[in-house]
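Trainee: Please choose one part of this model and look at it closely, then work outward to the parts that help to put it in context. I would like the reasoning as well as the values.

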Amino acid sequence: MDKSSRILVLGHRGLVGGAIERQLAKHGYEQVRSAGRAYVWEFDAARTAMRDVEYVFCAAGTGGGIKKNLESSWRLSLDTMHILGSVLPAALDRGVRRLIWFACACIYPVLDRPATEQDLWGGPLEPTSRAFAAATLAGIELTRAYNAQHGTEFLALCPPTLYGPGDTFSEDGHVLAAMIRKCHEAKVAGAPEVTFWGSGHQRRQFLYVEDLARAAVEIMQSSAFAEWGPLLNVAGHPARRLDDVAESVADVVGYTGRIRWDTTKPEGAPRKEITGGWALPGLPTMLRDGVKRTYEWYQANLPGAGKTAEQARL
């Protein structure tokens with residue numbers, strides 16, 4: 001892939017797609033097109049979007065945290081199957097040279113150590129995200145089959161838990177974005193405490209979305225691309241306990257109240273962490289720095305997010 005290559009970003013308004021667009025612009029790619037979710041649901045629409053395209057980043061999809069999985073696991077799973085069942089055959093039909101799509105770390109079994117690509121199918125999945133994980137695993141096997149039978153170069157990248165500018169910050173979204181929102185709203189309201197699900201002892205690994213986007217562009221360029229299919233991990237810093245993460249978020253946001261953990265609520269896997277795969281050149285963004293940038297984006301872009309308690313009452 002060079003600066004004049006014809007590139008398509010699917011799902012450009014989302015967390016990952018927006019970051020990929022920014023990376024491509026930063027590095028001077030001249031022919032980048034984008035298409036929203038309307039172009040990934042059906043084969044004909046996906047095929048239309050891929051006309052005269054050489055490289056595709058498919059970042060379209062529906063994601064979220066444990067609350068989303070508990071309430072809408074069928075929707076997460078069905079969306080994943082619809083999207084990959086349209087995008088991959090359309091890419092084959094259009095003769096796309098390379099395609100990257102994005103998996104998630106819930107595809108790995110529950111382990112007491114970081115997971116590698118060789119751990120795929122190695123044991124039971126975490127129950128709260130099992131349906132979404134199963135649909136994603138089906139997509140990985142579909143990717144493997146296309147590459148084996150048609151000589152395509154399709155690849156799923158698996159990051160850990162993502163965060164950064166462009167996240168939804170909803171209660172059922174990614175855990176770190178939800179923490180930022182809850183701490184901010186508690187600060188604005190002057191609330192004496194904020195509550196998160198679980199014990200706080202569960203360990204999660206995080207990756208700033210701009211680091212993932214940088215990795216995705218570099219991987220798409222790599223001469224070793226065909227050797228990695230169908231799956232490649234993109235890891236971050238080692239996993240941390242969520243009670244430690246919550247303290248860091250509260251400190252960045254400026255919330256000084258009490259953090260309470262509700263052990264009557266589910267907390268998901270005790271540990272979710274990956275390793276191996278692609279090594280990011282240089283160190284990934286440190287968590288505190290990434291949270292600070294994300295919180296600044298949140299305040300600047302979401303209506304009312306930057307108001308103080310006094311302003312919010314006016």
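Mentor: Strands here are DSSP runs of at least two residues, numbered from the N terminus. In this predicted model, one such run is strand E12, residues 258–262, and aspartate 262 belongs to it; that residue is the part I would look at closely. Aspartate 262 is buried, yet it has no salt bridge, and the nearest side chain of opposite charge, that of arginine 260, is 4.9 Å away. Because a salt bridge calls for a side-chain nitrogen of Lys or Arg within 4 Å of a carboxyl oxygen of Asp or Glu, arginine 260 does not qualify as a partner at 4.9 Å. Once neighbours within four places in sequence are set aside, the contacts of aspartate 262 are with Thr195, Phe196, Trp197 and Gly198.

The unpaired aspartate can be set beside residues that do pair, since by the same rule the model has 18 salt bridges. One of them joins the side chains of glutamate 210 and arginine 22, with N and O 2.5 Å apart; this pair links distant parts of the chain, glutamate 210 lying in helix H6 (residues 209–221) and arginine 22 in helix H1 (residues 15–26), 188 residues apart. Glutamate 210 counts as buried, with a relative accessibility of 16%, whereas arginine 22 is partly exposed at 38%. Buried acidic residues here therefore include one with a salt bridge, glutamate 210, and one without, aspartate 262.

Another bridge is contained in one helix: arginine 144 and glutamate 141, whose closest N and O atoms are 2.9 Å apart, both lie in helix H4 (residues 130–150), three residues apart, or about one turn. Both are partly exposed, arginine 144 with a relative accessible area of 38% and glutamate 141 with 26%. A further bridge, between aspartate 251 and arginine 288, has an N to O distance of 2.7 Å; because aspartate 251 is in helix H8 (residues 242–253) and arginine 288 in helix H9 (residues 287–301), the pair ties together parts that are 37 residues apart in sequence. Aspartate 251 is partly exposed at 48%, as is arginine 288 at 45%. Shared partners also join Arg6, Glu54 and Arg97 into one network of salt bridges.

Helix H4 also offers a polar but uncharged case, threonine 143, which counts as buried at 0% relative accessibility. The side chain of threonine 143 makes a polar contact of 3.0 Å with the side chain of tryptophan 101, and one of its polar atoms lies 2.8 Å from the backbone oxygen of glycine 139. Beyond four places in sequence, threonine 143 is in contact with Leu88, Trp101, Phe154, Leu155 and Pro230.

Trp101 leads on to the nonpolar interior, being among the residues, with Leu10, Met50 and Ile107, that touch the most other members of the largest nonpolar core, a set of 41 residues. Elements giving two or more residues to this core include strand E1 (6–10), strand E4 (98–102), H4 and strand E5 (154–158), while the largest share, seven residues, comes from H3. A second, separate core of 31 residues includes Met1, Tyr55, Leu207 and Leu280.

Methods: Residues are numbered from 1 along each chain as its sequence is written. This is a predicted model: local features need pLDDT of at least 70, side-chain atom pairs count only at pLDDT 80 or more; totals for chains, interfaces and linings use all residues. Side-chain values use heavy atoms; hydrogens and water are left out. Helices (H or I, at least four residues) and strands (E, at least two) are DSSP runs, numbered from the N terminus. Buried means under 20% relative accessible area, exposed over 50%, partly exposed in between (1.4 Å probe, protein chains only). Lys and Arg count as positive and Asp and Glu as negative; His and the chain ends are not counted. Contact means heavy atoms within 4.5 Å. A polar contact is a pair of N or O atoms within 3.5 Å; within protein, one must be able to donate a hydrogen and the other to accept it, and residues adjacent in sequence count only if both atoms are side-chain atoms. A nonpolar core is a set of buried Ala, Val, Leu, Ile, Met, Phe, Trp, Tyr and Cys residues joined through side-chain atoms within 4.5 Å.
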